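Please find below a short note on the charged contacts and the nonpolar surface of this model. The points are numbered for ease of reply.

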Amino acid sequence: ENPQLSSLDKTDLAFSEGSQSLHKPEPLEKVLNVLSSEKVNGISIDFNYRFFQFSERAAMDASYVQELDGILKEARTIENHLKQKRESLKQRFTVIANTL
């Protein structure tokens, strides 16, 4: 035994030697592959979620555009109707003025 090691160091050394026999450490490359695979999966899930949100917003925006188009069409129809009414009233007033 090494007399310079404290009893605490001896316990740590014995524990680490014992744990190596029970569990073989994974190669660093395999661990990195798993971690990068999990990272890619996380990015993919995040991308899919954001794409879904974007698609929903795009669909909502499209429905808003359709609704606004409908409102504008209705407004133009009302505007044309009012212009016809005004022209009709003008003609009636002209007829009335001429008869007076």
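**Salt bridges and a surface patch**

1. In this predicted model, D46 has a relative accessibility of 35% and is therefore classed as partly exposed, since that class lies between the buried limit of 20% and the exposed limit of 50%. Its salt-bridge partner is R50, with 3.0 Å between the closest N and O atoms.

2. R50 has a relative accessible area of 53%, so R50 counts as exposed. Both D46 and R50 belong to helix α2, where a spacing of four residues places them about one turn of the helix apart.

3. How many salt bridges does a search of the whole structure find? The search returns two. Besides the pair formed by D46 and R50, the side chains of K83 and E79 meet in a salt bridge, at 3.8 Å from N to O.

4. K83 and E79 also lie in helix α2, four residues apart, which is about one turn of the helix. K83 is partly exposed, because its relative accessible area is 42%; E79, with 41%, is likewise partly exposed.

5. Apart from these charged contacts, a nonpolar patch on the surface deserves a comment. L89, F93, I96 and L100 make up this patch, and together they have about 480 Å² of accessible area.

6. Where does L100 lie with respect to α2? L100 is in the segment after this helix, which spans 28-99. L100 counts as exposed because its relative accessibility is 87%, and the cut-off for that class is over 50%.

Notes:
Residues numbered from 1 in each chain as written. Predicted model: local features only at pLDDT ≥ 70, side-chain atom pairs only at ≥ 80, totals over all residues. Heavy atoms only, no water. Patch = residues over 30% accessible without salt bridge, like charges linked within 9 Å, V, L, I, M, F, W, Y side chains within 5 Å. Areas by Shrake-Rupley, 256 points an atom, 1.4 Å probe, with all protein chains shown as cover. Salt bridge = Lys/Arg side-chain N within 4 Å of Asp/Glu carboxyl O. Helix = DSSP H or I, 4+ residues; strand = E, 2+ residues; numbered from the N terminus. Buried < 20%, exposed > 50% of the residue type's maximum accessible area, 1.4 Å probe, protein only.
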